[in-house]
Amino acid sequence: MIHYLFYQKNPASHYVYIDLTVSALNQDAVELVLPSWRPGRYEFGNFSKNIKRVDVFDDTNQPINYIKTDKETWLIQTKGLKYLKITYSYYSNELNAGACFADVNQIYINPVHCCMRVKGFEKMQHQIELNIPDHYKIVTSLPVNAKTLSATNYDELVDSPFVASPYVQSGSYTSRNCVFHLHFIGTCKPNWELYKKDFIAFTDKMIDFWGDCPVNEYHFIFQILNYKFYHGVEHQKNTVIAIGPGYAINQGETYEDVLGVSCHELFHTWNIKYIRPVEMLPYQYNTENYARTGYVYEGFTTYYGDKLLLSSGVFNNQDYFKTLEERMQKHFHNFGRYNLSVAASSWETWLDGYVPGAPYRKTNIYDEGNLIALMLDVKLMKATNNSKSLRDLCVLLYERFGKQNKGYAEQDIILLANELSGEDLSSFFSFYVYGTNDFETGLQEAFSYINIQLDKKANTNCSEHLFGFKTIDSGTNAKVSMVAPYSPSWKSGLFQGDEIIAVNSIVLRSNLNHWLNYFSDEDEIILTLNSADAIKTIKITKDKKGTTYFPNYKLSINEESANYKLWKSNLMG
């Protein structure tokens with residue numbers, strides 16, 4: 001058995017201490033390996049950077065020497081030993097949905113960050129014992145006996161985050177004979193009646209979508225922050241969701257965010273935890289798990305994470321359209337779509353998938369994948385006279401791959417689409433998944449079939465539609481976040497990172513677009529910039545052709561047609 005003891009010495013330090021014991025040794029050497037990334041975020045995290053010190057002892061508590069063979073591997077000579085104790089401390093000061101955080105109020109651990117793997121012992125039972133006060137409540141999807149959590153193997157262990165805290169508010173509901181738990185950690189007052197009503201609605205719809213629920217019990221673990229925040233991470237039997245601010249979790253956009261991320265992460269239980277690309281079955285925790293199918297495991301999930309809220313009645317048309325408009329805006333305002341395909345961007349998440357990176361370089365598997373899913377959904381409907389949809393493709397993935405513990409290859413998605421449609425849809429995938437082409441025509445065709453009106457409108461910000469640059473607030477100034485290629489601002493030498501101080505010698509006071517609009521009837525404007533800590537001025541000349549940039553896209557529907565109702569219901573009942 002592999003046993004981990006977690007405890008704190010000084011909670012304010014954010015360090016947790018871990019004693020790892022290995023028994024029943026029968027080999028000359030042992031390798032301890034810490035993962036370098038966590039499933040759900042396809043980039044290296046290099047978690048070993050948070051380990052302060054490692055000490056190794058034998059069964060008489062005598063120290064043993066070891067060597068570190070790479071950034072996350074410790075080699076220990078164990079000839080003649082039957083028992084090892086490894087002690088180390090892990091810095092836990094990152095409060096989001098996928099990391100570790102420990103202070104005077106809680107111990108929150110994602111074991112994939114800090115539980116060393118004993119090479120060759122991965123299939124053994126793993127236990128975590130918590131040395132915590134008696135009044136602490138333990139939140140986890142693992143079986144708990146007193147203060148000990150048990151996992152059948154290492155994979156289950158690192159897929160099972162836990163929280164130990166006296167400040168936990170919990171409730172539960174049942175959907176299709178499966179029990180779902182809601183746990184809130186942080187300053188908030190959950191409206192339990194509201195949460196249960198809406199969560200039951202989308203959970204019922206989701207289980208009906210798939211045909212069954214692969215787990216008997218599931219936990220939503222909410223880390224509630226005091227400021228605006230949004231992040232979720234999926235696991236097989238639970239999800240951790242970091243959201244804020246706590247005072248707004250029952251209303252408005254924050255509550256919509258809670259619903260959206262919760263539905264998205266629950267969908268992942270099927271689509272990535274059971275239905276998995278062959279490149280990730282099993283997960284390799286210390287190397288890249290390259291795959292070109294991010295549009296499936298993240299894009300399809302993003303699509304249905306929103307759409308199942310619509311299908312279940314939790315979102316109305318206006319709620320859903322607002323979310324979809326935001327995703328389209330991100331697509332059409334991202335010039336990286338002309339340089340890296342969605343498939344290639346999936347592959348390269350391991351390089352820079354979660355940071356802005358080089359301008360115009362890449363696209364986004366979540367938003368672009370969502371739009372591909374929508375177009376493919378409607379394409380399957382059209383090809384089959386509304387008898388099949390993307391839901392059928394998802395269910396086939398679940399039946400033929402997920403339930404068989406078999407990974408799918410990227411070609412399998414195309415083959416399943418061809419099988420369902422009765423047509424060769426290779427050109428669709430070549431164009432939208434593997435190509436660097438615009439989605440506008442495909443989206444217009446899809447929306448037309450289901451009676452949704454798509455309108456392109458001029459951006460209301462003068463900086464964007466007239467001059468071709470986006471900004472974010474930087475005190476009273478405006479910092480350039482994006483410049484449209486070949487726009488007037490691009491030609492003038494304005495670029496990302498420049499900070500605009502003045503327009504036509506008038507100092508800004510958080511009013512850039514007011515002044516740009518005021519001077520919009522003039523042929524040119526002069527911007528004063530802080531560019532790399534140097535003051536400079538540039539002249540922007542308006543486009544004589546009247547070209548506009550960064551248009552907005554709006555969706556509307558006058559009447560729910562038969563096609564729309566079928567699409568909205570996912571062709572279910």
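This is a short talk on the spaces, the surface patch and some backbone details of one protein structure.

Before anything else, please keep in mind that the model is predicted.

I will start with empty space. Rolling a probe the size of a water molecule over the atoms shows where empty space is left. In this structure, one cavity of 30 Å³ or more turns up. The largest cavity holds about 40 Å³ of space. What lines the largest cavity? Its lining includes His331, Arg337, Leu340, Glu368, Tyr432 and Phe439. By class, the lining of the largest cavity divides into four nonpolar, six polar and two charged residues.

Next, a pocket. The second largest pocket has about 850 Å³ of space. Its lining consists of 34 residues, and those nearest its centre are Asp155, Arg276, Pro282, Tyr283 and Tyr285. Two elements, α2 (154–158) and β19 (229–234), each give two or more residues to that lining. The element that gives the most is α2, with four residues. Counted by class, the lining of the second largest pocket has 11 nonpolar, 12 polar and 11 charged residues.

Pro282 brings me to the backbone. Most residues other than glycine have a negative phi, and most peptide bonds are trans. Here are some exceptions.

Leucine 281 and proline 282 are joined by a cis peptide bond, with omega about 0°. Proline 282 sits in the loop between α4 and α5 (294–311), and, as I said, Pro282 is among the residues nearest the centre of the second largest pocket. The peptide bond from glycine 244 to proline 245 is also cis, and its omega is near 5°. Proline 245 is in the loop between β20 (238–244) and α4 (252–270).

Now phi. Alanine 146 has a positive phi, near 60°, and lies in the loop between β13 (144–145) and β14 (148–151). Is alanine 146 buried or exposed? With a relative accessible area of 67%, alanine 146 counts as exposed, because exposed means over 50%. Alanine 532 has a positive phi too, near 55°. Its place is the loop between β26 (524–531) and β27 (534–541). Alanine 532 is exposed, at a relative accessible area of 76%.

Last, the surface. Which residues make the nonpolar surface patch of about 330 Å²? They are Tyr486, Trp490 and Phe495. Tryptophan 490 belongs to helix α15, residues 488–492. The relative accessible area of tryptophan 490 is 34%, so this residue is partly exposed. That value also passes the patch cut-off of over 30%.

That is the end of the talk.

Methods:
Residues numbered from 1 in each chain as written. Predicted model: local features only at pLDDT ≥ 70, side-chain atom pairs only at ≥ 80, totals over all residues. Heavy atoms only, no water. Patch = residues over 30% accessible without salt bridge, like charges linked within 9 Å, V, L, I, M, F, W, Y side chains within 5 Å. Areas by Shrake-Rupley, 256 points an atom, 1.4 Å probe, with all protein chains shown as cover. Salt bridge = Lys/Arg side-chain N within 4 Å of Asp/Glu carboxyl O. Buried < 20%, exposed > 50% of the residue type's maximum accessible area, 1.4 Å probe, protein only. 1 Å grid on protein atoms, 1.4 Å probe; cavity = no way out; pocket = protein on both sides within 12 Å on 5 of 7 lines; lining within 4 Å. Points joined across faces, edges and corners; volume = space filled by probe spheres on them. Nonpolar A, V, L, I, M, F, W, Y, C, P; charged D, E, K, R; others polar.
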